[in-house]
Amino acid sequence: MRIVFAGSPEVAAVSLAKILDDGEHEVLAVITRPPARSGRGLTRKPSPVGALAHERGVPTLTPTSAKDPQLHAALAELAPDCAPVVGYGALIPPALLAVPRHGWVNLHFSLLPAWRGAAPAQAAIAAGDEVTGVTTFLLEEGLDTGPVFGRATETIRADDTGGSLLERLALTGAHLLATTLSGLQSGALVPEPQPQDGASYAPKISAADAQVRWELPAHVVERRIRAMTPAPGAWTVFQGKRLKLGPLARPKEQVCGLRPGELRAAKSEVHVGAGAEVLALGEVRPEGKGAMRAVDWARGARLAPGSTFDGPHAGGQVTASSDRASTQHR
């Protein structure tokens, strides 16, 4: 088939690489977000998908909006048979949905209808799900509501972070997307409507949502921090300054008597109260500094008895229940 691929982040580049390496389809062009300023010099850098397309010699379209009339004109001229989309980062307007004769095939990082929306992998970890997966479906105007072509499952490990889970889902999803495109090409694949029951939602996570709420139960705090690692990165406040936190652990020794957010430095670890229990800090990153072990940070911070993290404050959109977190892969 003649295809136009739409996507932006690294997880999408995995799928594009798979399609290009297989050589089964002609990739006419790639649609991705415009180069963004990053790094100390604030130089403009292409998205991971854009960088891969440039490396492989694939023409790239970088509209500032999916509603750009020039994008519609360019896509109509290319006349693709299908448009696979992975993490493009913007809703596809109805006028564009109608262009490819096989439509837009979206790869989503959950087992739909569970965790529709922007942060499905993070939401699954935060909710304590044991299994998640990937889904390919026909894109329509609703939010991740289109009929399904295929699914593949992935076990969530006890130490998974949002980053590690997405890495595996990206690989599993790339194979599922390639299989879906082959099925469309042969005419053997027909999408089936999603079930009416079991829908849940994973809204985009903001930096404010990533602030740790130490009054929540310890298992909820631990899951949420893993879910938000590495992005957007869980954080708390100590002496008026933001402190980023890596995944927490259970203490090596029995500890009790710490209020939510209260700190205590032991010889080999730093303890913090979470709900009615105690956890041990892992890696931390103070403002303006690199990542370091919590015991090294505590030594420099000279923790006094009764020291606490500032707050806790209620953070908003990490919900569906109190321990549910949530990103957008369209």
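**Notebook: a predicted model, looked up element by element**

I began with helix α7, whose buried residues pack against α5 (120–126), α6 (162–186), β13 (241–245), β15 and β16. This is a predicted model, and I read every entry below with that in mind. The helix spans residues 218–227 and is mostly covered, with 9 of its 10 residues buried. I listed the buried ones as Ala218, Val220, Val221, Glu222, Arg223, Arg224, Ile225, Arg226 and Ala227.

**Entry: the hairpin**

I followed α7 to two of its packing partners, β15 and β16. Strand β15 covers residues 270–274 and strand β16 covers residues 277–280. I found them paired in the antiparallel sense over 4 bridges. In that pairing His271 stands opposite Ala280 in β16. The hairpin has 2 residues between the strands, and there I noted Gly275 with a positive phi near 60 degrees.

**Entry: the open sheet**

Next I looked up a sheet of 7 strands. What is the order of the strands in this open sheet? I read it as β5-β2-β1-β6-β7-β9-β10, with mixed pairing. β5 (60–61) and β10 (148–155) each have a single partner strand, so they stand at the edges and one side of each is left without a neighbour in the sheet. Helix α3 (residues 69–78) packs on the sheet and touches β1 (2–7), β2 (26–31), β5 and β7. I noted that the direction of α3 makes about 180 degrees with that of β2.

For general background I wrote down that strands of a sheet pair through backbone hydrogen bonds, either parallel or antiparallel. β6 and strand β7 (residues 104–108) run parallel and are joined by 3 bridges. Pro84 stands opposite Val105 in β7.

**Entry: Thr132**

I then picked one residue of strand β9 (residues 131–138), namely Thr132. Is Thr132 buried or exposed? Its relative accessibility is 3%, and the limit for buried is under 20%, so Thr132 counts as buried. I looked up its contacts, leaving aside neighbours within four places in sequence. They are Phe109, Ser110, Leu111, Ala124, Ala152, Thr153, Glu154, Ile156, Leu165 and Leu169.

**Entry: Leu91 and a surface patch**

Leu91 sits in the loop between β6 (83–86) and α4 (94–97). I found it at 52% relative accessibility, and because exposed means over 50%, Leu91 counts as exposed. Together with Leu143 and Tyr201, Leu91 makes a nonpolar surface patch of about 290 Å².

**Entry: salt bridges**

How many salt bridges does a search of the whole structure find? I got 12, and I looked at some of them one by one.

The side chains of Lys18 and Asp22 meet at 3.5 Å, N to O. Both residues lie in helix α1 (residues 10–22), 4 residues apart, which is about one turn of the helix. Lys18 is partly exposed at 23% relative accessibility, and Asp22 is partly exposed with a relative accessible area of 40%.

Asp21 and Arg56 form another salt bridge, at 2.9 Å, N to O. This pair links distant parts of the chain, with Asp21 in helix α1 and Arg56 in helix α2 (residues 48–56), 35 residues apart. Asp21 counts as exposed at 52% relative accessibility. Arg56 counts as partly exposed at 37%.

I also looked up Arg213 and Glu215, whose side chains meet in a salt bridge at 3.2 Å, N to O. Arg213 is buried, with a relative accessible area of 18%, whereas Glu215 is partly exposed at 34%. Elsewhere I noted that Glu154, Asp160 and Arg168 are joined into one network by salt bridges that share partners. Glu154 had already appeared in my notes as a contact of Thr132.

**Entry: Gly306**

Last I turned to Gly306, in the segment after α8 (294–301). Gly306 is partly exposed, with a relative accessible area of 38%. Which residues is Gly306 in contact with, leaving aside its neighbours within four places in sequence? I found Arg259 and Glu262. Glu262 is 44 residues from Gly306 along the chain, and their C-alpha atoms are separated by 6.4 Å.

Technical notes. Residues numbered from 1 in each chain as written. Predicted model: local features only at pLDDT ≥ 70, side-chain atom pairs only at ≥ 80, totals over all residues. Heavy atoms only, no water. Patch = residues over 30% accessible without salt bridge, like charges linked within 9 Å, V, L, I, M, F, W, Y side chains within 5 Å. Areas by Shrake-Rupley, 256 points an atom, 1.4 Å probe, with all protein chains shown as cover. Salt bridge = Lys/Arg side-chain N within 4 Å of Asp/Glu carboxyl O. Buried < 20%, exposed > 50% of the residue type's maximum accessible area, 1.4 Å probe, protein only. Contact = heavy atoms within 4.5 Å. Pairing = 2+ DSSP bridges. Axes fitted to C-alpha atoms, helices over the stretch in contact; angles between N-to-C directions.
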